[in-house]
Amino acid sequence: MASESSPTEDFDLVIFGASGFTGRYVIREALKFLSTPTCPFKTLALAGRNPSKISESLAWAASPCSPPPIPIFYADVSDSSSLLTLFQRTRLVLNCVGPFRLYGDPVVAACVEAGTDYLDICGEPEFMERTEVEYHERAKMTGALVISACGFDSIPAEMGFIFHSRQWESPAAANRVEAYVVLESERNIVGNIGTYMSAVLGVANASSLQELRRSRPKRARPQVSI
């Protein structure tokens with residue numbers, strides 16, 4: 001069983017919030033990915049506010065095998081020094097702690113200050129847009145790459161759009177794509193409290209998102225090659 005460690009070495013990837021509902025599935029997929037010969041990551045660490053719960057998540061993710069000796073660290077969004085100390089020792093942080101409007105800002109701030117690249121599974125537009133407003137210039141200075149929306153809300157739609165767009169032969173091109181998602185399971189499909197809270201808070205604060213967008217200068221859409 002992995003145990004809490006002190007940060008004595010650098011890591012390619014830290015999964016933060018690894019004890020949550022989504023975090024343990026992220027650990028499971030990370031273990032699969034790390035076992036492939038082409039994986040660019042060689043070293044992984046897990047972090048969160050409750051190391052014992054993270055150990056349980058690691059055991060669940062590794063089952064039926066024994067959990068690998070992956071370091072586990074204490075780090076909490078209410079303790080900025082714990083975040084910065086750890087993030088200074090990793091190349092990339094994958095943040096699974098939501099709702100992001102409540103808990104995401106300290107993680108981004110610590111990554112930007114450390115010059116560490118940041119990914120998250122957020123699907124909350126206001127958090128993502130406000131993060132750009134507040135941290136873009138500082139991230140350019142420190143060299144941190146901050147990318148949101150790497151979860152279920154976004155990746156299936158983007159992959160479907162790219163696949164669809166590549167089916168057209170020039171000069172024909174799609175000018176609009178509508179995406180639909182259908183969930184099927186042999187068991188009941190359930191959500192979790194974090195996703196529910198994100199949705200409720202997003203609807204409740206919709207006016208804040210509109211106000212943020214009105215306050216920003218209009219910019220041309222970037223040209224993205226597919």
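This is a short tour of one structure, to be followed in a viewer one selection after another.

Keep in mind from the start that the model is predicted.

**The annotated span**

Begin by selecting residues 14–146, which a UniProt annotation from an unreviewed entry labels "domain: Saccharopine dehydrogenase NADP binding". The C-alpha atoms at the two ends of this span lie 15 Å apart, and the span is 50% helix and 17% strand.

**Strands β1 and β4**

Next, select Asp12 and Arg91, whose side chains meet in a salt bridge with a distance of 3.0 Å from N to O. Arg91 belongs to strand β4 (residues 90–95) and Asp12 to strand β1 (residues 11–16), so that the pair links distant parts of the chain, 79 residues apart. Is Asp12 buried or exposed? Asp12 counts as buried, because its relative accessibility is 12% and the limit for that word is under 20%.

Stay in strand β4 and select Thr90, which also counts as buried, at 8% relative accessibility. A polar atom of the Thr90 side chain lies 3.1 Å from the backbone oxygen of Phe11, and a polar atom of that side chain lies 3.2 Å from the backbone oxygen of Leu92. If residues up to four places away in sequence are not counted, Thr90 touches Phe11, Asp12, Leu13, Val14 and Thr116.

**The nonpolar cores**

Now turn to the largest nonpolar core, which has 24 residues, and select Phe16, Ala47, Leu86, Phe87 and Tyr118, the members that touch the most other members. At least two residues of this core come from each of β1, β2 (44–48), α3 (80–87), α5 (105–114) and α6, and α5 gives the most, with five residues.

Select Phe16 on its own and display what surrounds it: leaving aside neighbours within four places in sequence, Phe16 is in contact with a list of residues that includes Ala47, Gly48, Leu83, Val93 and Val107. Apart from this core lies another one, of 20 residues, and Ile27, Cys39, Ile54 and Ala61 are among them.

**More charged pairs**

Side chains of opposite charge can pair when their charged atoms come close. How many salt bridges does the count come to? The count comes to eight, and the next selections show further examples.

Select Glu29 and Lys32, whose side chains meet in a salt bridge at 3.2 Å from N to O. These two residues are separated by about one helical turn, because they are three residues apart in helix α1 (residues 21–34). Glu29 is partly exposed, with a relative accessible area of 42%, and Lys32 is partly exposed as well, with a relative accessible area of 46%.

Then move to Glu129 and Arg213, where the side chains meet in a salt bridge of 2.7 Å from N to O. Glu129 lies in helix α6 (residues 125–142) and Arg213 in helix α9 (residues 206–215), so this pair ties together parts that are 84 residues apart in sequence. Which partner is buried, and which is partly exposed? Glu129 counts as buried, at 18% relative accessibility, whereas Arg213 counts as partly exposed, at 40%.

For the last stop, select Arg101, Glu126 and Arg130 together, since these residues are linked in a network of salt bridges.

Methods:
Residues numbered from 1 in each chain as written. Predicted model: local features only at pLDDT ≥ 70, side-chain atom pairs only at ≥ 80, totals over all residues. Heavy atoms only, no water. Salt bridge = Lys/Arg side-chain N within 4 Å of Asp/Glu carboxyl O. Helix = DSSP H or I, 4+ residues; strand = E, 2+ residues; numbered from the N terminus. Buried < 20%, exposed > 50% of the residue type's maximum accessible area, 1.4 Å probe, protein only. UniProt positions renumbered as here; feature names shortened; annotations may be inferred. Polar contact = N/O pair within 3.5 Å; in protein donor to acceptor, adjacent residues only side chain to side chain. Contact = heavy atoms within 4.5 Å. Core = buried A, V, L, I, M, F, W, Y, C linked by side-chain atoms within 4.5 Å.
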